[in-house]
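Reader: I would like a close look at the salt bridges in this model, and at the helices that carry them. Please take your time and connect the details as you go.

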Amino acid sequence: MLLAWFSVVASAWFSLSKVSNELSDEFLELAAKKMEPTMIEVLKGKWDDDSIRNTLQSAPNFEKFWTYRYKLWKRGKVILILGDVKPFPDAPLRKGFSQTVTDRVYTLEVQPGNFLQVAEPLHVRRQTVNSGRLHVFNFVLVSVVVILPFSIALLWFVIRRSLAPIEVLRQEIGLRDGGNLSLMGSSGLPAELAPIAASVDRLLERLQTTLDAEREFATNSAHELRTPIAGSLAQMQRLVVEIPQGPARTRARGIEKSLSSLGHLSKNCFNSRGPNRGSASQTTRSILSKWFG
């Protein structure tokens with residue numbers, strides 16, 4: 001953004017001279033055409049000097065910014081010079097623009113063989129360009145101090161507002177875990193983020209189905225294990241009673257204790273409910289580990 005900003009300013013800075021010269025040429029040509037009817041009357045001898053000067057005052061000389069000088073040629077001779085007291089530049093007598101070291105000159109053929117030349121000092125044009133560049137510099141300074149910070153703040157606000165739905169989506173995804181597998185839905189989300197929410201919901205559905213299947217398997221496994229564990233525990237308890245005191249009876253009581261522990265684990269696995277979907281399968285794995293060693 002900053003690069004584009006300063007590129008525009010630099011382009012305006014360097015193109016100001018060209019634009020100013022083009023406008024100055026238009027005004028110079030306009031001044032010549034404005035004086036053309038008067039100069040034709042002068043060539044016919046119908047105007048005196050006072051009348052010419054009164055007409056000159058109404059011409060677009062823009063004296064506040066620059067001063068034009070006029071020279072009228074009749075059959076190769078100068079018959080009238082108006083304007084600044086400085087010597088009129090020596091410019092060729094051909095229609096159109098020409099330039100000397102000190103002036104820009106526009107030549108207009110008012111009659112065949114008779115020419116009107118209007119001159120503008122080049123230093124005035126340079127002053128105009130410098131004044132315009134000063135305005136550009138002031139504009140840049142105001143932009144940097146006032147407009148640019150405001151633009152950056154506005155851009156930051158727009159970006160934060162645009163990223164707000166992404167933050168909402170991130171928080172919603174962060175809330176999903178083993179205890180919360182509810183679907184997110186895509187209501188309130190921009191069209192660009194809705195497919196992401198839909199994909200997450202499909203993943204949650206698959207995960208929920210897998211966990212339900214695993215829980216069902218764990219419950220069925222615990223149910224199938226309860227009867228053989230209970231039978232083995234009863235037989236072991238009877239065997240403990242029949243075995244006399246000694247190392248064999250001690251080992252039998254250890255087996256009895258293990259079977260009793262397995263029975264409790266199987267009962268917990270069968271009775272497991274609630275949001276902790278992984279507890280049943282974890283209990284089943286504990287039973288199998290203890291049973292098969």
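Author: In this predicted model, the side chains of K33 and E29 meet in a salt bridge, with N and O 3.0 Å apart. Both residues belong to helix α1, where they sit four residues apart, about one turn of the helix. K33 counts as partly exposed because its relative accessibility is 43%, and E29 is likewise partly exposed because its relative accessible area is 25%.

A search of the whole structure finds six salt bridges, and another of them joins the side chains of R125 and D25 at 2.6 Å, N to O. This pair links distant parts of the chain, since R125 is in helix α3 and D25 in helix α1 (residues 2–43), 100 residues apart. With a relative accessibility of 5%, R125 counts as buried, and D25, at 15%, counts as buried because the cut-off is under 20%. R125 also forms a salt bridge with E120, the closest N and O atoms being 3.0 Å apart, and E120 is buried, its relative accessibility being 0%. Together with R104, the residues D25, E120 and R125 are linked in a network of salt bridges.

Helix α3, which holds R125, covers residues 122–175. Its 54 residues should span 80 Å at 1.5 Å a residue, and the end C-alpha atoms are 75 Å apart, so the two values agree. The helix nevertheless has a kink of about 50°, centred on S143. S143 is one of the buried residues of α3, a list that also includes L122, V124, R125, V140 and L148.

The surroundings of S143 also include exposed positions in the sequence: V145, in the same helix α3, counts as exposed because its relative accessibility is 57%. V145 takes part in a nonpolar surface patch with L134, F137, F139, L141, V142, V144, V146 and I147, and together these residues have about 810 Å² of accessible area.

As for the setting of these details, the protein has six helices and five strands, and from the N terminus on its elements run α-α-β-β-β-β-β-α-α-α-α. Buried residues make up 32% of the 293 residues, while the protein exposes about 19000 Å², 60% of it supplied by carbon and sulfur atoms. Among contacts between residues at least 6 apart in sequence, 58% join residues at least 24 apart; the salt bridge between R125 and D25, 100 residues apart, links distant parts of the chain as well.

Methods:
Residues numbered from 1 in each chain as written. Predicted model: local features only at pLDDT ≥ 70, side-chain atom pairs only at ≥ 80, totals over all residues. Heavy atoms only, no water. Patch = residues over 30% accessible without salt bridge, like charges linked within 9 Å, V, L, I, M, F, W, Y side chains within 5 Å. Areas by Shrake-Rupley, 256 points an atom, 1.4 Å probe, with all protein chains shown as cover. Salt bridge = Lys/Arg side-chain N within 4 Å of Asp/Glu carboxyl O. Helix = DSSP H or I, 4+ residues; strand = E, 2+ residues; numbered from the N terminus. Buried < 20%, exposed > 50% of the residue type's maximum accessible area, 1.4 Å probe, protein only. Contact = heavy atoms within 4.5 Å. Expected span 1.5 Å × (residues − 1). Bend = angle between axes of the 7 residues up to and from the residue.
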